[in-house]
Amino acid sequence: MNPKEIEGLSDKIASRLAAGGGGAWIRGPVRPEPPGKPTAGALPAWAGAAQTLPDVAPVRRPAGHPRHRPEYPAIVAAVRQAAAGRGASPLPAGPRAGAGRERAVTRQAAREVPIGVSHRHLHVSERDFGALFGAGKTLTAQRAIAQPGQYAAAETVAVAGKGGRLEGVRIVGPARGATQLELSPADCRRLGIAAPVRVSGKLEGSVGGVTLEGPAGKVALESGVIVAQRHLHVAPADATALGVADGDVVAVECGLAGRRVTLHDVAVRMGPAHATELHLDTDEANAAQVTTGDRARLVAVARGPGGRPTGRRPLLTERDVARLAALGESVDAAGPWIVTPAARDRAKALGVWREAP
């Protein structure tokens with residue numbers, strides 16, 4: 001067929017269809033009207049904003065549940081109405097929108113504590129002070145420190161060991177019943193001694209091997225030299241906000257980006273004679289690049305007095321077990337942690353697992 005014949009045939013088909021179909025080639029879409037008289041201001045039934053989706057995310061909590069929320073279809077309709085410009089957003093706005101974040105920031109700030117970097121120093125008994133500075137002499141307060149009633153004295157001593165000596169070691173007053181020398185691990189290496197980590201004031205197992213030198217004489221120490229365990233002084237008024245009690249062992253996070261560290265085994269010392277401050281030695285402070293006045297944040301409470309759990313217990317994994325085994329430590333089933341099954345099996349395989357009594 002040539003083009004003219006094809007065009008003629010098309011005209012005949014179109015005329016026949018028009019005659020039998022009421023004059024319409026293809027019927028257009030017909031939108032059904034909702035039954036009944038529509039409510040003024042209401043969305044038509046066919047509008048997307050009027051649809052509900054209870055089959056997509058049904059609410060299974062009973063209406064009396066303390067965390068009950070509006071039915072999902074109601075939320076969907078409100079959101080769609082807001083998107084269509086026909087209603088207010090159901091989501092919090094203005095002050096309400098930031099309320100949760102403000103509470104979270106407040107809670108985080110409440111668990112922050114100031115840092116005090118503790119340099120090598122000496123707590124001295126009255127008898128040893130007299131031997132070093134002369135009979136009848138007393139400590140001279142130079143400046144107060146954060147802990148109530150304590151001060152940095154004007155007097156300093158030299159400390160001599162088999163490997164070297166330290167000059168200008170400050171005395172912290174007032175005088176104590178027993179002389180105690182607190183050093184960093186780096187100080188101990190310089191003096192050629194191996195002092196144990198101990199809570200300040202707990203001198204059982206401490207070492208000697210150093211000589212204190214003052215202007216009036218010398219005192220050879222047979223014990224009393226320690227590396228102070230990192231500790232957190234807490235004023236009773238701050239205990240509730242921090243969520244700690246005297247005797248707890250906590251973990252803290254401190255330092256700037258690139259040098260941030262988490263320090264474990266921080267002993268909590270709380271009482272009326274304490275002001276809230278985290279004490280780190282110079283080695284710990286240098287590792288995290290923090291100085292006095294910086295802040296640290298409590299990230300976990302491991303255990304309380306007598307090993308009693310007081311907060312969230314850390315999760316002990318296979319990697320943690322390997323680290324403890326490398327340090328020569330055991331994994332106690334009754335320890336301040338939750339042990340994963342794989343970690344328990346690894347500890348037994350390494351021979352460091354200890355069953356609960």
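A residue counts as partly exposed when its relative accessible area falls between the buried limit, under 20%, and the exposed limit, over 50%. Keep that in mind as you move through this predicted model.

**Stop 1: the whole chain**

Start with everything shown as a cartoon. The protein chain carries 9 helices and 19 strands. Colour by burial next: of its 357 residues, 31% are buried. The chain exposes about 21,700 Å², and carbon and sulfur atoms supply 54% of that area. If you draw a contact map, look away from the diagonal: among contacts with a separation of 6 or more, 62% link residues 24 or more positions apart.

**Stop 2: strand 10**

Now select residues 225-228, which make up strand 10. Which way do the side chains point? Val225 and Val227 go one way, Ile226 and Ala228 go the other, and all of them are buried. Add residues 180-183, which form strand 6: this strand pairs with strand 10 in the parallel sense over 3 bridges. Look for Glu182 here, standing opposite Ile226. Then bring in strand 7, residues 197-198, which runs parallel to strand 10 and is joined to it by 2 bridges. On this side, Val197 is the residue opposite Val227.

**Stop 3: the largest nonpolar core**

In soluble globular proteins, nonpolar side chains tend to be buried together. To see this here, select Val159, Ile171 and Leu181, the residues that touch the most other members of the 25-residue largest nonpolar core. Several elements give two or more residues to this core, including helix 4 (126-133), strand 5 (165-173), helix 5 (185-191) and strand 10. Strand 4 gives the most, with 4 residues. Centre the view on Val159 and show what surrounds this residue: setting aside residues up to four places away in sequence, its contacts include Leu166, Val169, Leu181, Leu191, Val210 and Leu212. A second core, separate and made of 21 residues, can be found by selecting Val117, Val234, Val266 and Ala285, which are among its members.

**Stop 4: an aromatic pair in helix 4**

How many aromatic pairs are there to find? The count comes to 1. Select Phe129 and Phe133 to see this stacked pair, with 4.7 Å centre to centre and 25 degrees between the planes. Both residues sit in helix 4, 4 residues apart, which is about one turn of the helix. Both are buried as well.

**Stop 5: salt bridges**

The whole structure holds 9 salt bridges. Begin with Arg165 and Glu167, whose side chains meet at 2.7 Å, N to O. Is Arg165 buried, partly exposed or exposed? Its relative accessible area is 33%, so Arg165 is partly exposed.

Move on to Glu253, which has two arginine partners to show. With Arg260 the salt bridge spans 3.5 Å, N to O; with Arg297 the closest N and O atoms are 3.3 Å apart. Why is the second pairing worth displaying along with its strands? Glu253 belongs to strand 12 (residues 249-254) and Arg297 to strand 15 (residues 295-303), so the pair ties together parts that are 44 residues apart in sequence. Both arginines are partly exposed, Arg260 at 46% relative accessibility and Arg297 at 27%.

For the last selection, return to Arg165 and Glu167 and add Glu213: salt bridges that share partners join these residues into one network.

Methods. Residues numbered from 1 in each chain as written. Predicted model: local features only at pLDDT ≥ 70, side-chain atom pairs only at ≥ 80, totals over all residues. Heavy atoms only, no water. Buried < 20%, exposed > 50% of the residue type's maximum accessible area, 1.4 Å probe, protein only. Pairing = 2+ DSSP bridges. Contact = heavy atoms within 4.5 Å. Areas by Shrake-Rupley, 256 points an atom, 1.4 Å probe, with all protein chains shown as cover. Core = buried A, V, L, I, M, F, W, Y, C linked by side-chain atoms within 4.5 Å. Phe/Tyr/Trp six-rings, centres within 6.5 Å; stacked < 30°, edge-to-face > 60°. Salt bridge = Lys/Arg side-chain N within 4 Å of Asp/Glu carboxyl O.
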